[in-house]
Amino acid sequence: MNHQSVAFKNTQFPFPPHLHHSTPIPSRLLFPFSLHPYKTITKSPYSAFSCRGLHTPLLNHPSSSFHSSNATIPAAFKTVDVATLGNLCVDIVLNVPKLPPPSPDSRKAFMEQLSSSPPDEQYWEAGGNCNMAIAAARLGLKCVAIGHVGNEIYGKFLEDVLQAEGIGMVGMSEETDVLNAPSSSYETLLCWVLVDPLQKHGFCSRADFSKEPAFSWMNTLSEEVKRAFKRSRILFCNGYDFDELSPHMIISAVEYAVEVGTSVFFDPGPRGKSLLSGTVEEQKALKHFLRMSDVLLLTSDEAESLTGLVDPILAGQELLRKGNRTKWVVVKMGPKGSILITKFSITCASAFKVKIMDTVGCGDSFVAAIAYGFIHNIPLVTTLAFANAVGAATAMGCGAGRNVATLKQVVELMEKPDLNEDDKFWNELLREHLDSQEVTFLSKMVLNGSNGRMKHVTLQKVVSELLPKLKSSQLEGTLSS
């Protein structure tokens, strides 16, 4: 994995995760924490949560209408909006006096030191795909987190957090015990996020010391997992799934989702670039994702890495051309905004102007809102504006996990919206595309003398259409606030 990993002495425990410093902290990199020998968890129809079994019916969220190409499974059977695949971990944020040299021996010794004295729970936070699941649930979507957690305190912590957010859980496991697998291979994955006095960050992960995925013992999709796929409208995956699951497992998951009519969302993240030069199996699985996903979500840098094209619109069009099922390519442009590209149109929206406290979890929140728009068949420009707003609302807080934006915060932002418009940037980017495709652009106001192929949609119009729906959901109590 291409991340800086560090070690240090004399651990100091900092502020709780809900009070993270404003400097972004990537919510990822995994390290399983050795506590107890692996224990098989009995599947029980009476248990609200089980590390191994299908969660009982989800909480608090009514069924919602949606558009989809789900021809294999009847729409009525799709009772879950979003399922996330893998990438369930606990983030632990620690203040350290300094970030040590990157020597493997030093890092390994440090992780052993951390394992000997677990920090207080106030420094724990749900990480990885929990961020997207929580953000989606707070937007009123029914969510299930599919993945593996261990039978120890960290696994119980994640289960409790997900249950409190109204998110179901389906445990991934083998039907039979795996021989010769160390007990640590079954434990909940941790990301140690280390912050020095200058607010520089380092990360500790088991993946730094292993060429194999964390859960390489997992070879097949269980019947519980398959049932969860069948019930879900969207399966969300990201590049960090490769740190946990074998390429074979990942391909199997994508193929089964397609077979049962579940739309696949894929965000390659920073791992996309390294996977391009990874093993033959990893390259094959990445290409399979890019071909078979319905929606691709990536930053402009990631789009360039995957296509070799600097122009994010051309890169998105290239990914659409190569995809067998790709309907949307969504390019995140950071503080500039975002772009949604289809085979027939280009939609652009500037970012919201807010005071940024912490960008951790913003991308996950953005993806959750894109899923909301996809499921509810909301106009593309409205979907993009909504996603920008949800990401911005998360940026106004500190940290990810339970700290991602609530509906209340999103509504408050959209009631007094302001766009971070950069006309020069967008004019230069769109100039060469106006003659080839219809372009829709979110603006503060309608501009006179617009190009015939440039359709301006005002922010006021988008907000006036979206706010009543969001406020209705809030009043119905379907979202966390």
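These are legends for a few close-up views of a predicted model.

**View 1. The chain as a whole.**
Before zooming in, here's the backdrop: the secondary structure adds up to 14 helices and 16 strands. Of the chain's 481 residues, 58% count as buried. Take the contacts between residues at least 6 apart in sequence, and 81% of them join residues at least 24 apart.

**View 2. Helices α10 and α11 cross at roughly 150°.**
Here we've got α10 (residues 362–376) and α11 (residues 380–395), with axes that come within 8 Å. With anything over 145 degrees counting as roughly antiparallel, that crossing makes α10 roughly antiparallel to α11. The crossing is right-handed. On the α10 side, the contact is made by Cys362, Ser365, Phe366, Ala369, Ile370, Tyr372 and Gly373. From α11 come Thr383, Leu384, Phe386, Ala387, Asn388, Val390, Gly391, Thr394 and Ala395. Sort the contact of α10 with α11 by class and you get 10 nonpolar residues, 6 polar ones and no charged ones.

**View 3. Asn377, in the loop between α10 and α11.**
Stay with that helix pair and look at the loop that links them, where asparagine 377 sits. Its phi is positive, about 55°, although this residue is not a glycine. Asparagine 377 has 52% relative accessibility, so it counts as exposed.

**View 4. Asn87, in the loop between β2 and β3.**
Here's another asparagine with a positive phi, this one about 60°, and again not a glycine. Asparagine 87 lies between β2 (80–85) and β3 (88–95). Its relative accessibility is just 1%, so asparagine 87 counts as buried.

**View 5. Helix α9 and its buried face.**
Helix α9 spans residues 312–322, and its buried residues are Pro312, Ile313, Ala315, Gly316, Leu319 and Leu320. Look down the axis of α9 and these fall within an arc of 160°, so they line one face of the helix. Why might residues a few places apart share a direction? An α-helix has 3.6 residues a turn, so residues three or four places apart point the same way. The face of α9 turned away from the buried side carries Arg321 and Lys322, both exposed. As for partners, the buried residues of α9 pack against the strands β11 (295–299), β12 (328–332), β13 (337–341) and β14 (345–350), plus the helices α8 (300–307) and α13 (423–430).

**View 6. Helix α12 and its buried side.**
In α12 (residues 407–415), the buried set is Leu407, Val410, Val411, Leu413 and Met414. These cover an arc of only 160° around the axis, which puts them on the same side of α12.

Key
Residues numbered from 1 in each chain as written. Predicted model: local features only at pLDDT ≥ 70, side-chain atom pairs only at ≥ 80, totals over all residues. Heavy atoms only, no water. Axes fitted to C-alpha atoms, helices over the stretch in contact; angles between N-to-C directions. Helix = DSSP H or I, 4+ residues; strand = E, 2+ residues; numbered from the N terminus. Parallel < 35°, antiparallel > 145°, perpendicular 65-115°, else oblique. Left-handed = near helix turned anticlockwise from the far one by under 90°. Contact = heavy atoms within 4.5 Å. Nonpolar A, V, L, I, M, F, W, Y, C, P; charged D, E, K, R; others polar. Buried < 20%, exposed > 50% of the residue type's maximum accessible area, 1.4 Å probe, protein only. Arc of directions from axis to C-beta.
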